[in-house]
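Reader: I'm new to this one and would like a walk through it. Could you show me how to read its features?

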Amino acid sequence: MVSELPNVGIGIANYGSMGDNVIDNCVQRHKMPNSSSITEFLLLAFADTRELQLLHFTLFLGIYLAALLGNGLILTAVACDHRLHTPVYFFLLNLALLDLGCISTTVPKAMANSLHDTRAISYAGCAAQVFLFPFLISAEYFILTIMSYDRYVAICKPLHYGSLVGSRACAQMAAAAWGSGVLYALLHTANTFSLPLCRGNAVDQFFCEIPQILKISCSQSYLRSFWVLVIGVWLTSVCFVFILFSYVQIFRAVLRMPSDQGRHKAFSTCLPHLFVVSLFISTALFAYLKPPSISSPSLNLVVTALYSVMPPTLNPLIYSMRNRELKWAIRKVISRMFLNRDKFPLFFQN
């Protein structure tokens, strides 16, 4: 009987330690944040010192104003000049609208945080970014795909251009691009915010990017987003193959043209679009497919800024560089803004 007392003591001690572990687990689960308890997220700061924060604010302000000016001029020029009421400029107008929305979704909040020395974004604001950014990015990618089809028909099948790319067909294709972007963004947003968040509320990006939100979700729930990723990869691949096929056919048709002037005109209308597509795809692919060995918060910040901020800023410059009709239309807009002045930079006079 006496010999059994140590065993009883050990059992009581084990039971007590098990009870302590259960209590500790309950306390940890109580302290662990979840989706219902999170009211705001903490974005990644550009810098820690006040001087660098103000420098980033100034830099982003300049980029944002340049994007607003460039895309705003294209929108006004295409809307006001009846000579630009053609399919190619109609899609360019849609692209400018999407560029304005894309850069306005991320940059103003980043500028405000740098100016006020804060990292916080509300839950509703984060959800808005999670929906709007994929919507605008995917719709822009679809519009770029449609623009490659427009160039393919214009160069490879010019006799059928009026019937294949008429005003009704243009409106339907643009509506399909915007609608597909909305559905794709709704799919991503619903899936992302249906996952429980178990790893805090710090987002390692300067805006609420979906991959960074998934990183703070529970590991078991992370696999639920795999099917959404598969759909995104499939759509991206289909559009990429279509763009690649279109330009292979375009270059084959251009190289068979007998006159140098015809080849030059065809290249001048296609190269800006090809450059925009290449910039868009290359920066996005590097942002999401770069090797983990070279990944770091600062590099992720720079790469994400490149693919989310630079295309909306550079697209107006790329499209107007070699487009004489668009440059003259922009010049008319500026002349009305500045009381019909005749002196302009050489860029608008060529």
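Reader: Let's start small: is Cys-156 buried, partly exposed or exposed?

Author: Buried means under 20% relative accessible area, exposed means over 50%, and partly exposed is in between (1.4 Å probe, protein chains only). Cys-156 has 26% relative accessibility, so it counts as partly exposed. Before we go on, keep in mind that this is a predicted model, where local features need pLDDT of at least 70, side-chain atom pairs count only at pLDDT 80 or more, and totals for chains, interfaces and linings use all residues. Residues are numbered from 1 along each chain as its sequence is written, and side-chain values use heavy atoms, with hydrogens and water left out.

Reader: Got it. How many disulfides does a search of the whole structure find?

Author: A disulfide is a pair of cysteine sulfur atoms within 2.5 Å. The search turns up one: Cys-126 is joined to Cys-208, with 2.1 Å from S to S. Cys-126 sits in helix α4 (residues 123-156) and Cys-208 in the loop between α6 (167-193) and α7 (210-215), so the pair ties together parts that are 82 residues apart in sequence. Those element names come from DSSP runs, numbered from the N terminus: helices are H or I with at least four residues, strands are E with at least two. Both cysteines, Cys-126 and Cys-208, are buried.

Reader: Why is the disulfide called left-handed?

Author: Look at the torsion about the S-S bond of Cys-126 and Cys-208: it is about -120°, so the disulfide is left-handed.

Reader: On to charges. Which residues form salt bridges with Asp-81 and Asp-150?

Author: A salt bridge is a side-chain nitrogen of Lys or Arg within 4 Å of a carboxyl oxygen of Asp or Glu. The whole structure has two of them. Asp-81 pairs with Arg-83, their closest N and O atoms being 3.2 Å apart. Asp-150 pairs with Arg-151, and there the closest N and O atoms are 2.9 Å apart.

Reader: Is Asp-150 buried or exposed?

Author: Asp-150 counts as buried, at 1% relative accessibility. Its partner Arg-151 is buried too, with a relative accessible area of 10%. In the other bridge, Asp-81 is buried at 6%.

Reader: And how much space lies in the second largest pocket?

Author: Here's the general idea: rolling a probe the size of a water molecule over the atoms shows where empty space is left. On a 1 Å grid over the protein atoms alone, a pocket is an open set of points where a 1.4 Å probe fits, with protein on both sides within 12 Å along at least five of seven lines; lining residues have an atom within 4 Å of a point. The second largest pocket holds about 920 Å³. It is lined by 28 residues, and the closest to its centre are Tyr-89, Lys-265, Ser-268, Thr-269 and Asn-323. Elements that give two or more residues to this lining are α3 (87-116), α4, α10 (260-289), α11 (297-321) and α12 (324-337). The largest share, eight residues, comes from α10.

Reader: Where is Val-107 found?

Author: Val-107 is in helix α3, and it counts as buried, at 1% relative accessibility. Val-107 and Ser-308 are 201 residues apart in sequence, yet 9.2 Å apart in space, C-alpha to C-alpha.

Reader: One last thing: what is the phi of Asp-117 near?

Author: Phi of Asp-117 is near 55°, a positive value in a residue other than glycine. You'll find Asp-117 in the loop between α3 and β2 (120-122).

Technical notes:
Grid points are joined across faces, edges and corners, and a volume is the space filled by probe spheres set on the points.
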